[in-house]
Amino acid sequence: MVSSAVRNCGTAHQLDTADTSYSRTDEDDEELTKMKCVSCSHSVCRDLSQKLRTTQLLVTISGGRPVISLRPPPELVNFSCGIRWPIECEVISDIIHHIEWDPPEPEPFYQCTGYERTPMPVGEERGKVVFCIDHAAKHPYFTYSRIGGSREPIKRATFYDVSQSELTLKFESRFESGNLQQAVQVGAYDYELTLRTDMYTTKHTQWFYFRVRNTKAGVTYRFTIINLMKRSSLYSQGMKPLLYSERDAEENGVGWKRAGSNIKYYQNCSQDNNSDGITLYSLSWTLQFPYDSDTCYLAHCYPYTYSRLQRYLSRITSNPTVRSYCKVRVLCQSLAGNAVYVITVTPQDSNRMDDKTKKAVVVTARVHPGESNASWMMEGFLNFLLGDSDDAQLLRDTFVFKVVPMLNPDGVVVGNYRCSLAGRDLNRNYRTLLRDSFPSVWHTRNMVEKLLAERDVVLYCDFHGHSRKNDVFMYGCKNKGDSTLKLHARVFPLMMSKNASNKFSFNSCKFRVQKSKEGTGRIVMWRLGIKNSYTMEATFGGSTLGDRRGTHFTTQDLKSLGFHLCDTLLDYCDPDPIKVRD
């Protein structure tokens, strides 16, 4: 049966690919032919898999014919496989690494003077384009991917000879999570920057992360991002951009730090003709680099890449003790073919407790790729949960944890702010029936439905970042009718505010079920029957509370929120009701 199915499908594949022989010889038709062959190959693989009626065999196409191999067991998760990019993405070979560092003192917000400049866009007509990459979305929608992105040689993105222009910065963003489309030099030390919109969309510009070289110390540079789309921003409330100096890291052990002066967020006078007349906004700031001829990075928030997640998961699973209560599996594949991981945390020793009586906790993060602060919270959560403290042991003995640490790996890889490669916000599509278009949220919902059939789920929490409000807070759901149920959703966030009083603001929490948010994870899980269903929003800025008032959050602060969630969960489920009453 297998050989017959392979033979028949191989013949069909050859006929389908032969059907492209009518193509002309220009490059566009060659690309169309390649796309048709790839689409045909996927179709053949899918049809053959259905005919074989087994999930144990993996079907691929090699040399124009189907090849059958055994599918590797799900427990053999390979963290060293290459990252898949859309085929049109150029990716440089440089390995980007940043050290972790916590400033000795909290970094204060920028204090507005009232004299900050609001430069209007000059444009490339009156400036000099010094960096420009092809808009990655050459196609209107995602077609296919490969490890390392484009097959073509990396094109030159700078348009000058640095040796002949000592004052000009050298920009680069074609690396994991990078986002910068164009840089125009409009003065000796003045640059206009344009961000790339989320791939296959004309919207969502906020996340930026790029590299500069050829720096001069003691010189005041001005950077102005000219195509932001949000009406308001934390940059108007004192938030500073982030700076990373490779030389400072190597010589002094200093990592990402807040930097910049004359920070101003304001509305442009110009309109982007390619964005349906959307009003655009600018972020302008000045900056001095610490060293000559340094390599520096600028970012909206502390980057947390898909590669970093893979290294983290590889490290925890290499620990035999952790493996005894932590299993990492592949929940599904993303559109590009990158693994979406799910972590199950509970002791494997059935003598500790009857597993069927345990309640479950579901925690997810990074559905919005530009909200990298969510991944730092997730790492802090996992660090505590997988640690050797008595409280961590109690949590593992009491609950079954299901954790999806990065719901949108493709968006993280390409440097999107909000969308997946489907060009849609995944956090509006948890009700979808389109498994192949929105695989991570479809499989997450399916996992939760199966979990609810086995046991009660005491908490669902999805980690996010917030661009307009300071502090950390939660969004929950409002129960109608019984006044006791109305108050129920407020208990956990209130307890969280007691445990993290200088970071978490209960007054900023909201409990609503809006029609426009019906497709979010929070509301969908609530409608499935999870009473405590929340998003936890961490600011990109910092705190307005207690002894941390007026200071930025660090990566350690964000990690501590993961710990505080664990601590609050223990308090919430403590059999002694005094903690709930207090």
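Let's start with an open sheet of 8 strands, in the order β16-β17-β19-β18-β20-β23-β21-β22 and with mixed pairing. Its edge strands, β16 (326–333) and β22 (510–511), each pair on one side only. Pairing here asks for at least two DSSP bridges between two strands, while helices (H or I, at least four residues) and strands (E, at least two) are DSSP runs numbered from the N terminus.

A word on what you're looking at: this is a predicted model, where local features need pLDDT of at least 70 and side-chain atom pairs count only at pLDDT 80 or more, while totals for chains, interfaces and linings use all residues. Residues are numbered from 1 along each chain as its sequence is written, and side-chain values use heavy atoms, with hydrogens and water left out.

Back at the edge, β16 runs antiparallel to β17 (residues 339–345) over 7 bridges, and Arg 329 stands opposite Val 342 in β17. Then come the helices. Helix α7 (residues 390–398) packs on the sheet, touching β17, β18 and β19, and its direction makes about 95° with that of β19. Helix α6 (residues 373–385) lies across β17, β18 (359–365), β19 (399–404), β20 (457–466) and β23 (533–539), at about 140° to β20. Those angles run from 0 to 180 degrees between N-to-C directions, with axes fitted to C-alpha atoms, for helices over the stretch in contact; contact itself means heavy atoms within 4.5 Å.

In α7, Ala 392, Leu 395, Arg 396 and Asp 397 are buried, that is, under 20% relative accessible area (exposed is over 50%, partly exposed in between, with a 1.4 Å probe and protein chains only). The buried residues of α7 pack against β17, α6, β19 and α12 (555–572).

Helix α6 also takes part in an aromatic pair. Rings of Phe, Tyr and Trp (its six-membered ring) pair if their centres lie within 6.5 Å; planes under 30 degrees apart are stacked, over 60 edge-to-face, and the rest tilted. By this rule there are 31 aromatic pairs. Take Phe 175 and Tyr 209: the ring centres are 5.1 Å apart and the planes at 80°, so this one is edge-to-face. Phe 175 sits in the loop between β6 (170–172) and β7 (182–187), Tyr 209 in strand β9 (residues 209–213), 34 residues apart. Both Phe 175 and Tyr 209 are buried. The α6 pair is Tyr 304 with Trp 376, edge-to-face because the centres are 5.0 Å apart and the planes at 90°. Tyr 304 lies in the loop between β15 (296–299) and α4 (306–317) and Trp 376 in α6, so the pair ties together parts 72 residues apart in sequence. Tyr 304 and Trp 376 are buried too.

Now for β8 (residues 190–194), where 5 of 5 residues are buried. In a regular strand the side chains alternate between the two faces of the sheet. Both faces of β8 are covered, with Asp 190, Glu 192 and Thr 194 on one side and Tyr 191 and Leu 193 on the other. Tyr 191 belongs to an aromatic cluster whose members include Phe 171, Phe 210 and Trp 285.

What does β8 pair with? β7 and β8 form a hairpin with 2 residues between them, antiparallel over 5 bridges, and Gly 187 has Asp 190 as its bridge partner. With β10 (residues 220–228), β8 pairs in the parallel sense over 4 bridges, and there Glu 192 is partnered by Thr 224.
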